[in-house]
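Student: I am new to this structure and should like to understand how its descriptive terms are justified. May we go through them in turn?

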Amino acid sequence: MIFPECVKILTNVLRRLPAEMDLPLLLNRHTLSHAAILSIPHTEGTMYETSLRAAMTELGASLFNRGFSSGSSGNMSVRLPSGSILATPTNSSLGRLVPERLSLVGMDGGLLSGDKPSKECAFHLAIYKARPDCNAVVHLHSTYATALSCLDGLDPDDVLRPFTPYYVMKVSPLPLVPYFKPGSQKLFDAIAGKAERCASMLLANHGAITTGSTLEQAVNAAEELEETAKLFFLLQGKEIRYLTDDEIKELKPH
Ligand SMILES: [Zn+2]
């Protein structure tokens, strides 16, 4: 009899687990890829929040391990169906997030549980308020996007003229937010102003912000932006064939 045997084995395994271990979290971490976690229907409940905590930890580590963030730079957040925001804590490394310690904050910025959020969490909240369709925000100081943000004479309405279709589909347009001190109200206000019209933006002399209807979408946009900025620098001094207006319209009709 296979089934009773399986139950017996599983029961023995569960008995050996420490009592404080969160079983749903453990199962999510070890049996589901982040793609599977993110495909879970957007419904209320602890299981969904637990899955998002695991997904944020997994995606943060993936970004960190591939050099998209370093040290304690960068932060990300996701909006829960309840309206609360799950965000990375202050001074945390995206490479070493702990699901149980992520900051759960209300839309007023008040901490509901977990560690104190990053001070940049305030602009995440400003974006969520400006964009009801946005459910995730990723902010990175990734090398090439940040290098691009330090150039003088950028077009404030659209920093990078498109030369690949994927950049058009996932990122563009990319407005520039003028430089303000990190963590300042002026910076948060400037970001909120741009967020109403654009899903991605570059912060002058600072880094990039991408958003999405899911965390995976916002992360994909951040990676696409970083790779496009890298191509931009690789192509310096060469003739670039930019996409034409018709080619851009074909990719993004609206
Ligand atoms: Zn920053």
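Tutor: In this predicted model, strand E5 (residues 136-140) and strand E8 (residues 207-212) run antiparallel and are joined by five bridges.

Student: What makes E5 and E8 a pair of strands?

Tutor: Pairing requires at least two bridges between two strands. Five bridges join E5 to E8, so the requirement is met. Within this pairing, Val138 stands opposite Thr210 in E8.

Student: Where do E5 and E8 stand in the order of the sheet?

Tutor: The open sheet of eight strands has the order E4-E3-E2-E1-E5-E8-E7-E6, and its pairing is mixed.

Student: Why are strand E4 and strand E6 said to stand at the edges?

Tutor: Strand E4 (111-113) and strand E6 (176-177) each have a single partner strand, so one side of each has no neighbour in the sheet.

Student: Which strands does helix H4 lie across?

Tutor: Helix H4 (residues 46-65) lies across strand E1 (75-79) and strand E2 (85-87), at about 155 degrees to E1.

Student: Why is Leu148 called buried?

Tutor: A residue is buried if 20 or more other C-beta atoms lie within 10 Å of its own. Leu148 has 24 such neighbours, and therefore counts as buried. Leu148 belongs to helix H6 (residues 143-149). Leaving aside neighbours within four places in sequence, its contacts are Val159, Leu202, Ala229 and Phe232.

Student: What share of the protein chain is buried?

Tutor: Buried residues form 37% of the 254 residues in the protein chain.

Definitions and conventions: Residues numbered from 1 in each chain as written. Predicted model: local features only at pLDDT ≥ 70, side-chain atom pairs only at ≥ 80, totals over all residues. Buried ≥ 20, exposed ≤ 12 C-beta atoms within 10 Å, placed from the backbone. Helix = DSSP H or I, 4+ residues; strand = E, 2+ residues; numbered from the N terminus. Contact = placed C-beta atoms within 7 Å. Axes fitted to C-alpha atoms, helices over the stretch in contact; angles between N-to-C directions.
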